[in-house]
Each structure stands twice: as C-alpha cells, then as structure tokens.
Amino acid sequence: MAITFSVLLLLSISLLSALAQHDEFQFSGFNPGNGNSNSNVTLGGIAKVQNGGILRLTNETLRLIGHSFYPVPIRFKNSTDASVFSFSTAFAFAIVPQYPKLGGHGLAFTIANSSSLPEALPSQYLGLLNAKNIGNASNHLFAVEFDTVQDFEFGDINDNHVGIDLNNLASNKSVAAPINLKSGETIQVWIDFDSARKVLEVRLASSSAKPAKPILSYAVDLSPILLNEMYVGFSASTGLLASSHYLFGWNFKMNGVVKSLDLSSLPSLPKPKKRNYALLIAAPVSALFFLIAALATAGYLLYKIKTADVIEDWELVTGPHRFSYKELKYATRGFREKELLGQGGFGKVYRGVLPGTKEEIAVKRVSHESRQGLREFVAEIASIGRLRHRNLVRMQGWCRRRADLLLVYDYMPNGSLDKYLFSGDEATPLLPWPIRFRVIRSVAAALLYLHEEWESVGLHRDVKASNVLLDGELNGRLGDFGLARLYERGANPSTTRVVGTLGYLAPELTRTGKATTATDVFAFGALVLEVVCGRRPIEPKALPDELVLVDLVWEKWASGKWREAVDPRLVGEFDEDEVEVALRVGLMCSHPVPAGRPEMRDVVRFLEDGDPTGVPELPSPPPAGGGGSYEVGFEDFVHSYPSSSFEKVSWSPTLNPNGGRSDRTMAAQEESGPVVFFSAV
Ligand SMILES: *[C@@H]1O[C@H](CO)[C@@H](O)[C@H](O)[C@H]1NC(C)=O
Ligand SMILES: *[C@@H]1O[C@H](CO)[C@@H](O)[C@H](O)[C@H]1NC(C)=O
Ligand SMILES: *[C@@H]1O[C@H](CO)[C@@H](O)[C@H](O)[C@H]1NC(C)=O
C-alpha cells in the first residue's frame, strides 16, 4: 500500500511539475519591459533591451559583463530517474567590435544554477566564473562559448573559436569557427543535446537554414553538471578590448528539436557607419601565451645535462632552465624555415613546441664569435631568467651549442609592435590611439622595473619597436633584454663596440660607448615618437633628405602644430591630452644631453597622469639640421646604406680621430641578416 501511495505521489508531483514546466519558448526580438520587469528575459550587468527588441549584452566600454536569462528555471532532469533531458536551442547573435577586427571578449550560451552569477569576472572569464572557482565541480556551469580572443591561460586555439565549457573556461572541446564571429553580421547558432546518444552538437551559419553537419560534436554525460532545475541564458564580457554583443532572437525547446529562426523576421542592427580606418584593418588578433611551469624544471636540470653538447663549468649556472640542444632541435623541428618567426638583429627566431608540455616557445638562435662574450652573457642569464614583470617577455631558458646560443622565450603570438606600425599589409590591424598609448605605458613600466625596481640596475640596451611584443590584448612586452651586451665584446677583447639600432642610439653612446639608464631613456623617447607619429626614427628614403623624426616633431612642436605630427592614419581619432603628454615625453627623452632627459620614474608618472600640464616645459629645441641628436658619422652611415631603413649597427668608437669613412670596414654578419658591424681598423 505504502509503495503504491508513494508511486502515486511521485506521479502527481511529476505531473504537477510538468504542468508548471516552461519547456519551450520562442523570442523573435525581445520585449524591453520597463527596467528589469515585464521583460521577456532577466537583464544583469549592463545588458539592456534596445528599442526594436535587440538585446544588447555589452557595449564597447572596457571590462563589462552582460547577463540575460530566461526568468524562470527550467527542469533539466527527469524527476523519476534523474536522467538528463534532451534539449535544443537556436539563437541569433552579432558581435560588433570597437575596433574593426579586434574582438573583446565573446559571448556564451549558458546553463547555470543562478540567473545572476554574482561572482563572475569580465574579460577572459566571459562573465561566467572567476579566478577562484574555475574548474570547480560545484559550479554546475554549462556553456558554449563564442570567443573572439585567444587566451592562452585557458588554452584557446585561436581568436575565433567555439568551445564547450564545463565548469571551466578551458574548453572541453573547441573548434575554429568557420565564419568570422566578430564580423558584425547576424549569425545563427543551433545547440542540440541528445540525451539518448549523450551527444552535444553545435551548428553555425549566417542564414536561417540549419546546416546538416555540426561544427562541433561532443560525447558527454551532462548529469554531473546539470542540476534538476537550471537557468538558461547568455553571458558576454569585454576586457581591455571591447565589442558590443547583441542577440536578436532565441528559441528553446526541451525534449525536442527547436525551430530555426527566420533571420529576415528578426530585428537587425542599423548598417554600421563606416569608420575611416576600417580599410586599414583586417586579420584577427590573438592572445598571449601565459605562464609556463618554471619551478618544475629546477630538478629536471641535472637530468637534462647529459647531451651531446660539451658543457663547460661556466655553463652550470643555476636559474633558468638549461635546455638540451636535442630538445630545442626537436621543438623547432630542426630549426626549419617554416618555423621561422623572424630575423632580428641578433639572430633568427623560431617557433617551437616543447615535446613534453606541448607549450609554444620562441627560440632565438644567436651566433657569437667570441667564447669570452658567451661566457659573460651566460653568467648573466641566471639573473635575466629571474626577471618577472608583466611587461617583459620572460626568458624560460637557454642552451649553448658551440658558438651558438639558443635563448628560449615565452611565445608571443601577436608578434612585434613594428609590424603593427609599419607592415602596411591588409592583414595587420592599424593600432588605434588608446592601444598605442597603453603600449607606450607598458614599455615605460618595464623599463622602470629594469632601472629601479629590480634587484640590480638592469639596462635594456636595445629598446625599439621590433623588440616590443604584443600580447593577446595588445599590451606591450619588452623582449630581448640584455642581449646587446653580448655584442659589446667582439672577437678582439681590447675593443668595445657600441651596439644599438640606428635612430635609437643616444649621441653620447657613440662617443663613450657606455650604455646607461639615460641611453635607454633616449631609445624609449625615439620609440614614443615612432608610436605617436607612425614613422621610423630615421627614414632614409624620405625626400629630399632622410627624415629624422625627432627634428620633425621639434619643428612641429615649436610652431605649435604638433597635431600635424600625429600618425595621419589615425585620422584625428585620438585623445589630445594623451598625445600631447606622449609627445612631450618623447621629446624630453630625446634630449641630446643625458642630463636633460627625465628618469623612467618621472616618465611613468607623466604617462599615468595623462595630463600635459603635469609635464615640465620643454627646453628650447636643439639647433636645426641634424638636431644635434645624430652624429655626422650616422648620417654618413645612413647614406652609405640607403637600401634599408632599419638597420642595427655596431662599431668601435675608439681610435677614429678622422671620422672618415675610409677608416672603417663594414661587414654584414652572416646569420643575423641586417646586422652590420662597423669596426675601426
Ligand atoms: C514577451 O513579452 C511580451 C510582452 O509582455 C509577451 O506578449 C510575449 O508573449 C512574451 N514572449 C514570450 C515568449 O514569453
Ligand atoms: C556602456 O554602458 C555603460 C553603462 O550603461 C555606460 O556608462 C557607457 O558610457 C556605455 N559605453 C558606450 C561606449 O556607449
Ligand atoms: C521520466 O522517466 C520515466 C522512467 O524512466 C519515464 O517513464 C518518463 O517518461 C520520463 N519522463 C519524461 C518527461 O521523459
């Protein structure tokens, strides 16, 4: 009897809940309601239903979250046997990035145990989770992310992908999206979970017709993730880059297959007004490769030292990992040309994948003729490897093989700043002003760290645009720290070379040969002007003479027309105060006399304040004609090598009283391409 009774009770409960169940709904556009009530959906964060029924989850302001859920929870499990139901949903969205082609961050279809997700963070957390609860089984979070930023922290495959996220933002499975998610066009998504087969499928199209083939199919048991009752909806976030995330329609059905949305009957965005710089912008930008387990390598060190390389005593430094040559050769597939990332002044850089951890690395191969030079550099590697700053590219380790030094760095998938400033190719986005200003600030922070905050005074010695790498959110990171040091000593130990890059070399460096914090500041000044003006420090091919950027800026500054010096490709879209601060700082740092230049501490303060009146009045400009910043010898050099605009030079400043060209020899260094040695005879 009791059994019959409880069965009856159960039946009636499930009957009741079935009656109360919201297991199907269709929205063609959304009802704005008034405020949060009477709307078809809940609105959290800055989500808003706009006139015309478009649900906007975020706008283009940085670090925002937008949430929107169906207002009542939905039953996902059979109350009799607790099995998960099948479900099916279709929705139409669009992502309109603030800067064409730079998305930030993405949106996710979400099944959660709350309709507010109060602890969630923006940026890479997509408004779903936070740094503490990532991966916890108690999250009960199911999401399908449409992510437009590549976060290496979560192992994202690229900056345009669809992923299935269970309690975590590291996707259980993800695929590259077959269409551009941040094109601003309306995209329809179908997500179907078949509880009998336990398979989840995701489809994507920019049309009303459901494709036959899913882009993503994932066998999964959702019963540990889903509770009996869950909220369904959407979450979106912005970070240091921002997009507006929009929804136009949404159908949902439990235990059945949902109807596709007819895109033509949905509200749509007004045709975007064309931005002036839209033309210049194209390919996607991806993200940064985050921290790699460094501690674990310490114990590994000794084990690794049994290789073909002959290890000398001085190489047994502690500190960063000493890789075996074999390991790096394998990682870069034998230093194949296909893995070549670039050819810097000091050597070639290869992309590699570490065999064990599958982590991506950048391997710089430097050749050096002097064993003494290598030895001194290796002595410094231990301390260089300890450098930790979010605006420095981390050195993970190194390896020596005969005269080659192999330096292993964190991989920076977005490449270097000079590419963004000068490549001119369609695939590289033009950097808008706010990002340029951020890059300037981040490089300043990195230099301040080296000069003042690190255990000993560090000098970079080769600050320039090609040594500034960009992470996923286009923050600047300074790379190649200290490498110039290696080249100060040539094969002949009695000479000292000056090493640097034309246009970034402080004038006193050419006389004394001694790098100081002031010579780093000078190079930073050249970099700042370069970023503001979008021109190289020296453009030999400019007519009629070569253009010396600092002279040009001084001229514009003195005549009160500094706005004319700003990169014309920004078409006037910049913050005047910030640009003025940057130009003032750039000119101050470019002062021909070291004592006239500010310290990095002051530079950082001026840039952080962003207030031009906070920067001291500039001294009067140096005499025109070469600006006093460049020695005659440089101009000789520039003229003597007109085919290239961006050369690294090194030469011995000693014993050259005549300064005549005949006193010098010039030789291209074999492996490092554009490196040119000028040495006194
Ligand atoms: C959305 O709200 C409007 C106005 O309250 C209502 O008429 C409509 O039925 C709602 N749609 C759904 C699917 O609940
Ligand atoms: C985005 O929304 C927030 C909050 O409503 C607002 O303060 C901000 O100005 C908006 N940003 C833009 C770019 O419209
Ligand atoms: C729930 O499970 C019971 C037993 O397996 C089954 O008879 C019933 O049809 C299920 N209910 C639904 C709504 O699927």
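## Three ligands and a pair of helices

Ligand 3 sits among Asn-78, Asp-81 and Phe-85, and that is a good place to start getting to know this structure. The model is a predicted one. Ligands 1 and 2 have their own surroundings, with Gln-26 among the residues around ligand 1 and Ile-46 among those around ligand 2. Elsewhere in the chain, helix H6 and helix H11 cross each other. Here is a tour, topic by topic.

**Ligand 3**

- Of the residues around this ligand, Asp-81 makes a polar approach: one of its polar side-chain atoms is 3.0 Å from an oxygen atom of ligand 3.
- On its own, ligand 3 would expose 360 Å², and the protein buries 36% of that area.

**Ligand 2**

- Around ligand 2 you will find Ile-46, Asn-59 and Thr-61.
- Asn-59 has an N or O atom in its side chain that lies 2.3 Å from an oxygen atom of ligand 2.
- Thr-61 reaches a nitrogen atom of ligand 2, with a polar side-chain atom at 2.6 Å.
- Taken by itself, ligand 2 has 360 Å² of accessible area, of which the protein covers 36%.

**Ligand 1**

- The neighbours of ligand 1 are Gln-26, Phe-27, Asn-31 and Asn-40.
- Sorted by class, this shell holds three polar residues, one nonpolar residue and no charged ones.
- In Asn-31, a side-chain N or O atom is 3.2 Å from an oxygen atom of ligand 1.
- Asn-40 also faces an oxygen atom of ligand 1, with a polar side-chain atom 2.4 Å away.
- The protein covers 40% of the 360 Å² that is accessible on ligand 1 alone.

**Helices H6 and H11**

- Two packed helices are described by the distance between their axes and by the angle between those axes.
- Helix H6 spans residues 433–453 and helix H11 spans residues 576–589; their axes come within 11 Å and cross at roughly 35 degrees.
- The crossing of H6 past H11 is left-handed.
- On the H6 side, the residues in contact are Trp-433, Phe-437 and Ile-440, and they meet Glu-578, Val-579 and Ala-582 of H11.
- Of the residues in this contact, five are nonpolar, one is charged and none is polar.
- The charged one is Glu-578 in H11.

Definitions and conventions
Residues are numbered from 1 along each chain as its sequence is written. Chains are lettered from A and ligands numbered from 1 in the order in which they are written. This is a predicted model: local features need pLDDT of at least 70, side-chain atom pairs count only at pLDDT 80 or more; totals for chains, interfaces and linings use all residues. Side-chain values use heavy atoms; hydrogens and water are left out. Axes are lines fitted to C-alpha atoms, for helices over the stretch in contact, and angles run from 0 to 180 degrees between N-to-C directions. Helices (H or I, at least four residues) and strands (E, at least two) are DSSP runs, numbered from the N terminus. A crossing is left-handed if the near helix is turned anticlockwise from the far one by less than a right angle, and right-handed if clockwise. Contact means heavy atoms within 4.5 Å. A residue is near a molecule or strand if one of its heavy atoms lies within 4 Å of it. A polar contact is a pair of N or O atoms within 3.5 Å; within protein, one must be able to donate a hydrogen and the other to accept it, and residues adjacent in sequence count only if both atoms are side-chain atoms. Accessible areas come from the Shrake-Rupley method with a 1.4 Å probe; for residues, only the protein chains shown count as cover.
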